[in-house]
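Student: I would like to go through this structure with you and ask, for each term, how the definition leads to the statement.
Tutor: Gladly; let us set each value against its definition.

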Amino acid sequence: MAQRKAYVGGNWKMNLDRRASVALARAVAEAVGRDASVQVTIFPAFPYLAAVAEVLAEVGTSVRLGAQDFFAQPDGAFTGEVSLSQLRDVGVSVVLVGHSERRHVIGESDVLINEKVRAALEAEMDVVLCVGETLAQREAGQTDAINGAQVSYGLAGVTAGQMGRVTIAYEPVWAIGTGKTATPADAQAAHRAIRGWVRSGLFDGDEAVAQSLRIQYGGSVKPANAAELFKQPDIDGGLIGGASLKADDFLAIIEAAR
Ligand code: PGA
């Protein structure tokens, strides 16, 4: 089985001001240093990306800078939107796509999400594609079907060669920001099904694509539950919201992933 490097993301969402963003980035960068045994990406709010990029460069770290969203068009009359080349220009190399808050609060469709995935990969960004079922879908026994569908739509048109730059984050909607975490066994079952679907449903039995794909778990990950989740064979780290806003908690979760 392929050895997958653990991957922990800190999704800061619409939180923190400039000062707190810079301080948190510095604390994380200094603690992680140039450690190559685990991959860490932080996703600050747009206005602070450039300031955080400067801190990461100044500290000298393997921590990467990610953006929470972008618009798929290269440039033009799209008031309020931000392009991939603008993000690249301020030091971003990773983008989140299809986060449940963008799907369910903002209303992004699978078509738009796929457009974004393909645009980001064409722009040579790394992509974290988020998928996950709602509580009603879980209770109706549709977890694997929903994840399979979101993965299929999200990755439509993506080549096996591009998959090296794709990470999937499985984030059950009912577990995000609620304090409810999937049990390690439930999360493992969902991750295993997603990996299986990527192999047999999307890439024609391509074992190398399936085995090298990293699948993060997200949804109320904390220092207290991280190790148990990350121990599961198909869980390759986490996408962390609330607990990524405190350096100590986030660093403890990174430690659990090592
Ligand atoms: P949470 O958020 O850790 O606060 O549940 C996770 C996410 O939305 O990525």
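Student: How do you know which residues are around the ligand, and which of them come nearest?
Tutor: A residue is near a molecule if one of its heavy atoms lies within 4 Å of it, and 13 residues are around the ligand, of which Lys 13, His 99, Glu 171, Gly 177 and Ser 220 come nearest. This is a predicted model, in which local features need pLDDT of at least 70 and side-chain atom pairs count only at pLDDT 80 or more, while totals for chains, interfaces and linings use all residues. Residues are numbered from 1 along each chain as its sequence is written, and side-chain values use heavy atoms, with hydrogens and water left out.

Student: What makes the pair between His 99 and the ligand a polar contact?
Tutor: A polar contact here is a pair of N or O atoms within 3.5 Å; an N or O atom in the side chain of His 99 is 2.6 Å from an oxygen atom of the ligand, so the pair qualifies. A backbone N or O atom of Gly 242, at 2.8 Å from a ligand oxygen atom, qualifies too.

Student: How much of the ligand does the protein bury?
Tutor: Taken alone, the ligand exposes 280 Å² (Shrake-Rupley method, 1.4 Å probe), and the protein buries 95% of that.

Student: What makes up the shell around the ligand, by class?
Tutor: The shell has 4 nonpolar, 7 polar and 2 charged residues, where Asp, Glu, Lys and Arg count as charged, and Gly is among the polar ones.

Conventions. A polar contact is a pair of N or O atoms within 3.5 Å; within protein, one must be able to donate a hydrogen and the other to accept it, and residues adjacent in sequence count only if both atoms are side-chain atoms.
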